[in-house]
Amino acid sequence: MSVGSNRLSALENSASKTAKALTRDPSLNVVMTRDEAFYNWETNTVGTPAYSGKLDDANGETEEGELAYAFRGLLDHECGHKVYTDCEALSEWLTAKEEAHGTEAAHRLQRLHNTFEDPQMEARWIDHHPGSQKYIAAKLRVTIRETGGAAPCDPEHRPFGFGGPAIGVFTAFGQAMLRIHHGFVTVGQVPPVIQYLLKVCEVEIAQGFEATTTQGCIEAAEAVWKKLCDLEDASEQQEGEGEGECLSGRQGEAGESESEAGEGEDQPGDHDSS
């Protein structure tokens, strides 16, 4: 998908005016990105992809009108993070977790938190901006339904083709929580190992999706993460040093992450919609 420079400038200008009006903050910065949406509270910047044309996917084609709605939905979503997410509390929590357990553990805790934060934040945003509901719905269709259905719930899924790395159990687990919650996938469509994790963490996952504040989402994310830690500890006691994936991302004794290689790192001030 490409956007001409003139069109991109016009789109960015329009998005900036809309976001500033929605958040009532004339100092908010808005930028167009290649493929990622975010809100960075430290720089007070919203970023969203410049969707244009048609998006090919396994189910056919997504019409340009759908992408236009999804673009607005991503803009509303990130504005919602600005207004309703307690970014300072989240950053302090992640910094403490990084100091205690390492960068990868903090990264995974952030991803768990975001899984719960997004729906509760979007619900609050829609309560105050009812007209945004259709845009948020289009955003969910384009970023979840149109990106593989149940495929990303499989640890062996390779989004960059057969030559690329598999996403692993943790990422597949997170994708399953998200896609099942929004009704795009059923539990029966995900692999047994993911079904098992969903069952083990059932109470904590429900706690997360019932949360109505950032703090509630933090507590739920930590509860799910602790369950993953308990599973690892029990596995090590029964089988000795395991050769499987380190689900929690906790640092090893040598100070290096035990998790699979190749996962990117989000900045504590950023909140991705993916």
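Two strands count as paired if DSSP finds at least two bridges between them, and helices (H or I, at least four residues) and strands (E, at least two) are DSSP runs numbered from the N terminus. The model on screen is predicted, so local features need pLDDT of at least 70 and side-chain atom pairs count only at pLDDT 80 or more, while totals for chains, interfaces and linings use all residues. Residues are numbered from 1 along each chain as its sequence is written, and side-chain values use heavy atoms, with hydrogens and water left out.

**First stop: strand β3**

Select residues 45-49, which form strand β3; five of its five residues are buried (under 20% relative accessible area, with exposed meaning over 50% and partly exposed in between, for a 1.4 Å probe and protein chains only), so β3 is largely enclosed by the rest of the structure. T45, G47 and P49 point one way from the strand, whereas V46 and T48 point the other way.

Now add strand β1, residues 29-33, which runs parallel to β3 and is joined to it by five bridges; here N29 stands opposite T45. Add strand β2 as well, residues 38-40, which runs antiparallel to β3 and is joined to it by three bridges, with Y39 standing opposite V46.

**Second stop: two positive phi values**

Most residues other than glycine have a negative phi. In the hairpin of β2 and β3, which has four residues between the strands, select N44, whose phi is positive and near 50 degrees. N44 is buried, with a relative accessible area of 13%.

Then move to R24, in the loop between α1 (5-23) and β1, where phi is near 55 degrees, again a positive value in a residue other than glycine. Is R24 buried or exposed? R24 is exposed, with a relative accessible area of 77%.

**Third stop: helices α6 and α7**

Select residues 168-181 for α6 and residues 192-200 for α7, whose axes (lines fitted to C-alpha atoms over the stretch in contact, with angles from 0 to 180 degrees between N-to-C directions) come within 10 Å and cross at roughly 70 degrees. That makes α6 roughly perpendicular to α7 (65 to 115 degrees; under 35 counts as roughly parallel, over 145 as roughly antiparallel and the rest as oblique).

To see what lies between them, show the side chains of V169, A172, F173, A176, M177 and I180 in α6, which meet I194, L197 and L198 in α7, contact meaning heavy atoms within 4.5 Å. By class, this contact has nine nonpolar, no polar and no charged residues, where Ala, Val, Leu, Ile, Met, Phe, Trp, Tyr, Cys and Pro count as nonpolar, Asp, Glu, Lys and Arg as charged, and the others, Gly among them, as polar.
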